[in-house]
Amino acid sequence: MKNFWHNLALSILKYRLSYLSAVIALAIFMTIMAAKTQVSSELPKILPKSDERFQLYESFKKRFGEDGSVMVIGVETNKMFQLAFFQQWQDLATEIKAVKGIKTVVFAGNIPRVEKDDSLKRFITKNLITQRATSQIEVDSVKTKLDKLPFYKGFIINEAGNVHLMMITFDQSAINDKSRVEAVKKIKVIAQHFEEKEKTELHLSGMPFIRTEMTAQITNELGIFLILAIVVTSLILLVFFKNIKVMLVALAVVLIGIVSALGIIVLFGFKISIISGLIPPLVVVIGVPNAIFIVNKYHEEYALHGDQQLALKVTIEKIGQTLVLSNLTTSIGFGVFAFTGSIFLMEFGIVAAINVMLTYAVSLILIPIMFSYLAPPSSKHTARLESGRIAKILVAVDRWVNNRRTVIYLVILSIIGVSVYGTTKIKSIGFIVDDLTKDNPIYTDLKFIEKNFKGIMPFEVAIDTYEAGRVMNSPELFTKIKRMEKEFAKYPEFTKPVSLVTAAKFIYQAYRGGDPKYFVLPGIDELSKLKDYNSSLSGKQNLAKGFIDSTKRYTRVSFQIADCGTVRTNEIIKELQPKIDTIFNYNAETNEFYKKGDKRGYDAEITGNSVIYAWQNDYLQGNLVESTLQAIFLICIIMALLFRSWKMVFISTLPSLIPLLITAGLMGFFDIHLKYSTILIFSIAFGISSDGTIYFLTRYKDELLNKNRTVKEAITETILNTGVSMFYTAIVLFTGFFIFTASTFKGTQSLGILISITLLMAMICNLVLLPAFLMTLNKRESKKLLQ
């Protein structure tokens, strides 16, 4: 292996033009690929395809379409049924309906009502008004008819009667396509014109709107973060090295890393998601430390003998070995997500892991070659390695390690104890919009809608009757759905349901002459009388359309739920699902529960957009433990192969684990919840934290074995020399991740500050705790462990 690095160093410097051409060709190719990147318009698929809950939801969407396809516009006004305002509200609906990708627009004026036609023995569905209102009499007529339709109270109009909703349904072909984004943009512009004209405020919400707006905000922020990461790290490099050439060389590496990240996304056929969009700024933050170690080693070697070619050769040979291991541990920290089974995390893990190693290879080739064409470093540039505040801090660290190890251990144990206590306070809970600040329009509009209409998040019950045609030929099914809806009504988080029972209530009210008191589910005898009018359940006027599949085997019951959080949603699911099973599969006469597939019963299961979101958060929590343990295990294997001693594995792993424990403790104390935006912290931070351990131990091994120093001398040399690069790297990593705190999303803020703190603590542990452990061992044992 030693010969490999020696030969590689000679090859890179001898054939530098060929290597440089290869890097340039790579950069050009990846730039061309990067130009083809697309932003994903779909919801993140976090649950693996093998998960039964995911399969249920996908089957549901195939039969009934996307459940999160309704956008709403709310307005608080007492002028709705005044002619001038009503006309403008109608015009707003007409203008929105003309937007490409919009299927229907429903508001107080055009909601359907059912009328009975005795001569044709059928029910007819008519809108309350079919043309633009031209008189107050027409508007009054609409209000009178609306008052006789109790279903719409609390659905289109709030209970107080002063808040109205306009419900905009997107085409299924547009809901997961970029045309949805364009449609939402146009609707926002149309709504803004209405606000300006009527001097009133509109509240926009619903899943299509929330998805589009949050994706747009995140995409915009990632661009800002990428620029900030480049600017901040470049300035830090300039401050550290006081050499613009070093800064530009490092910048060239990270720019190639950025376009390569985007290019890899395209090559794998992926699209940029909320999480994979983090990779380019992460490349900047993670790629710069490679440059720092290479440049510092080059300056250190040149200061020893003044031979530029020899300094570059030794740098490639020595640092190449160290960096390949450290980058490998970082790559593992990302790569473990590729084995979760989740498409969302798999794409992130694959791209990030490959890009870390690619950026390492570019660094090792490009930086020495670039410096080989430049003048050797001046004495001013090499002198900084032995002077300044950092050197004074490292001398103090060396003194503490030599003389205050007991104090170090006691302090660490105290911190561990406090952190363990804080960890017990961590909560795993997520809200669909909880990453937004309280004054964000997306958040405030959602809360306005929830205050007046309870919720807008889809919550579904999918029912399988086991036989084609059974939905319409089973009166007991209607009764069971009604019983289930009564159970749901006990929960204040739910809106009114929409189902076959709703359609039956509309029809029965019409059958009874439109009297609101007959908006009820008729008995079995009454239902049978409606069979003469069964044409109402077919064709374009079908009230049940969207609630029965083409085979009439499957049906659905649709609710909307408030964004009450994953914990509460899971509680509701756990309480309701057994009750649903009892309603649809329990025979009280025989005291028998029908098994799944028994045609005497039904398969009724909870699903829907909000349900999947709650389940995904639970899945991520389990994945946190699994992915972190996988990262720890794989990195321990690398340490074992490197040092061939499990005692050294323990010594090298502990300094990287303690920062994770501290981070978990901080999450508990500051009430930072586990969710998809914070769950990535641990395995990523552990992989990066392990870099410092490898930097330190490989240098210590070289000082102790190859230079035949005592343990104390080897520790001192390692702290004073490698410590400079580790300090620079920690500052870059801390600052690079800390820029994410500028986000308007609380989850991204937490991700930035927690990883920053973790990596800062990792540097302290690697510079203080790790050498303290090594000092505790005697020289003979140290050499035995390292050989």
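This passage describes two open sheets, the helices packed on them, and some buried residues in a predicted model.

We can start with the four-stranded sheet, which is open and has the strand order β2-β5-β1-β6, with antiparallel pairing. Its edge strands are β2 (102-106) and β6, each of which pairs on one side only. From one strand to the next, the twist averages 20 degrees. At one end of the order, β2 and strand β5 (residues 163-170) run antiparallel and are joined by four bridges; here Thr104 stands opposite Thr169 in β5. At the other end, β1 and β6 pair in the antiparallel sense over five bridges, and Val72 stands opposite Ser205 in β6.

Although β6 pairs on one side only, five of the five residues of this strand (residues 202-206) are buried, so β6 is largely enclosed by the rest of the structure. Leu202, Leu204 and Gly206 point one way from the strand, while His203 and Ser205 point the other way, and all are buried. Two helices accompany this part of the sheet. Helix α8 (residues 207-241) packs on the sheet and touches β1, β5 and β6, its direction making about 90 degrees with that of β6. Helix α16 (residues 441-453) also lies across β1, β5 and β6, and runs at about 90 degrees to β6.

The loop between α3 (52-64) and β1 (70-76) holds Glu66. Glu66 counts as buried because its relative accessible area is 8%, under the 20% cut-off. Its side chain is joined to that of Tyr57 by a polar contact of 3.5 Å.

The second sheet is open too, with three strands in the order β8-β7-β11 and antiparallel pairing. Here β8 (554-561) and β11 (603-607) are the edge strands, each pairing on one side only. Neighbouring strands are turned by 20 degrees against each other on average, direction ignored. Strand β7 (residues 457-464) runs antiparallel to β8 and is joined to it by eight bridges, with Val461 opposite Val557 in β8. Helix α17 (residues 475-488) lies across β7 and β8, at about 15 degrees to β8.

Val461 returns in the nonpolar interior. The largest nonpolar core has 255 residues, of which Trp89, Met166, Ile168, Val461 and Phe584 touch the most other members. Leaving aside neighbours within four places in sequence, the contacts of Trp89 include Ile73, Val75, His164, Leu165, Met166 and Leu202, as well as Met80, Phe107 and Phe194.

How values were computed:
Residues numbered from 1 in each chain as written. Predicted model: local features only at pLDDT ≥ 70, side-chain atom pairs only at ≥ 80, totals over all residues. Heavy atoms only, no water. Pairing = 2+ DSSP bridges. Axes fitted to C-alpha atoms, helices over the stretch in contact; angles between N-to-C directions. Contact = heavy atoms within 4.5 Å. Buried < 20%, exposed > 50% of the residue type's maximum accessible area, 1.4 Å probe, protein only. Polar contact = N/O pair within 3.5 Å; in protein donor to acceptor, adjacent residues only side chain to side chain. Core = buried A, V, L, I, M, F, W, Y, C linked by side-chain atoms within 4.5 Å.
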